[in-house]
Amino acid sequence: MPRPPCIAIPFKKTAELDWVRPLRHYIVRTYQEDPDAYANDCQVLQRMRQDMRGANADETGRDLIFRYYSHLETLEPRFRINEQGVKVTFR
């Protein structure tokens, strides 16, 4: 079945962002745990962001963006993204 026509909307651009350092600081400050225990998880999130930044305008790119966004949604209740929580600046 042919796909219906879509409106082309240009991608927004985003700058580099380091998730690892702010998450490590937050883990130590809030949970008093060793951040090295979560190093792999932090790297996975960082890698997902990098993959999302280079996403193409196709189904695979859409899936990368949705995957990253869903991880941010599950991350936010546990790690508040603000000045009192994980201090990252989105540009």
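**Close-up 1. Ala55 and its surroundings in the loop between helix 2 and helix 3.** In this predicted model, Ala55 touches Phe11, Gly61, Leu64 and Ile65, when residues up to four places away in sequence are not counted. Ala55 has a relative accessible area of 14%, and because buried means under 20% relative accessible area, this loop residue counts as buried. A second residue to look for in this view is Glu73, which is 18 residues from Ala55 along the chain; the C-alpha atoms of Ala55 and Glu73 are separated by 19 Å.

**Close-up 2. The packing of helix 2 against helix 3.** Two packed helices are described by the angle between their axes and the distance between the axes. Here helix 2, which covers residues 39-53, and helix 3, which covers residues 59-75, pack at an angle of about 145 degrees, and their axes lie 9 Å apart. The crossing of helix 2 and helix 3 is left-handed. On the side of helix 2, the residues that take part are Leu45, Met48, Arg49, Asp51 and Met52, and they meet Leu64, Ile65, Arg67, Tyr68, His71 and Leu75 in helix 3. Sorted by class, the residues in this contact of helix 2 with helix 3 are 7 nonpolar, 1 polar and 3 charged.

**Close-up 3. Gln46, a buried residue in helix 2.** Gln46 lies in helix 2, and its relative accessibility is 13%. Is Gln46 buried or exposed? With that value Gln46 counts as buried, because the cut-off for buried is under 20% relative accessible area. When residues up to four places away in sequence are left aside, Gln46 touches Leu17, Asp18, Trp19 and Val20.

**Close-up 4. The aromatic cluster of Tyr26, Tyr31 and Phe79.** A pair of aromatic rings is described by the distance of the centres and the angle of the planes. The count for this model comes to 3 aromatic pairs. One of them joins Tyr26 and Tyr31, whose rings are 6.1 Å apart from centre to centre with 75 degrees between the planes, an arrangement that is edge-to-face. Tyr26 is buried, with a relative accessible area of 8%, whereas Tyr31 is partly exposed, with a relative accessible area of 37%. The rings of Tyr31 and Phe79 have their centres 6.0 Å apart and their planes at 75 degrees, so this pair, too, is edge-to-face. Which parts of the chain does the pair of Tyr31 and Phe79 link? Tyr31 belongs to helix 1 (residues 20-31), while Phe79 is in the segment after helix 3, and the two residues are 48 residues apart, so that distant parts of the chain are linked. Phe79 counts as buried, at 15% relative accessibility.

**Close-up 5. Tyr26 and the residues around it.** Tyr26 has its place in helix 1. Not counting residues up to four places away in sequence, Tyr26 touches Tyr31, Arg78, Phe79, Arg80, Gln84, Gly85 and Val86. Lys87 is another residue to find in this view, for Tyr26 and Lys87 are 61 residues apart in sequence, and yet their C-alpha atoms are 8.5 Å apart in space.

**Close-up 6. The largest nonpolar core.** This core has 15 residues, and the members that touch the most other members are Trp19, Leu23, Leu45, Tyr68, Phe79 and Val86. Which elements give two or more residues to the core? They are helix 1, helix 2 and helix 3.

**Close-up 7. Two exposed residues, Arg21 and Gln32.** Arg21 has its place in helix 1 and is exposed, with a relative accessible area of 56%. The C-alpha atoms of Arg21 and Val88 are separated by 9.5 Å, although these residues are 67 residues apart along the chain. Gln32 is found in the loop between helix 1 and helix 2, and at 63% relative accessibility Gln32 counts as exposed. Most residues other than glycine have a negative phi. Gln32, however, has a positive phi of about 50 degrees although it is not a glycine.

How values were computed. Residues are numbered from 1 along each chain as its sequence is written. This is a predicted model: local features need pLDDT of at least 70, side-chain atom pairs count only at pLDDT 80 or more; totals for chains, interfaces and linings use all residues. Side-chain values use heavy atoms; hydrogens and water are left out. Axes are lines fitted to C-alpha atoms, for helices over the stretch in contact, and angles run from 0 to 180 degrees between N-to-C directions. Helices (H or I, at least four residues) and strands (E, at least two) are DSSP runs, numbered from the N terminus. A crossing is left-handed if the near helix is turned anticlockwise from the far one by less than a right angle, and right-handed if clockwise. Contact means heavy atoms within 4.5 Å. Ala, Val, Leu, Ile, Met, Phe, Trp, Tyr, Cys and Pro count as nonpolar, Asp, Glu, Lys and Arg as charged, and the others, Gly among them, as polar. Rings of Phe, Tyr and Trp (its six-membered ring) pair if their centres lie within 6.5 Å; planes under 30 degrees apart count as stacked, over 60 as edge-to-face and the rest as tilted. Buried means under 20% relative accessible area, exposed over 50%, partly exposed in between (1.4 Å probe, protein chains only). A nonpolar core is a set of buried Ala, Val, Leu, Ile, Met, Phe, Trp, Tyr and Cys residues joined through side-chain atoms within 4.5 Å.
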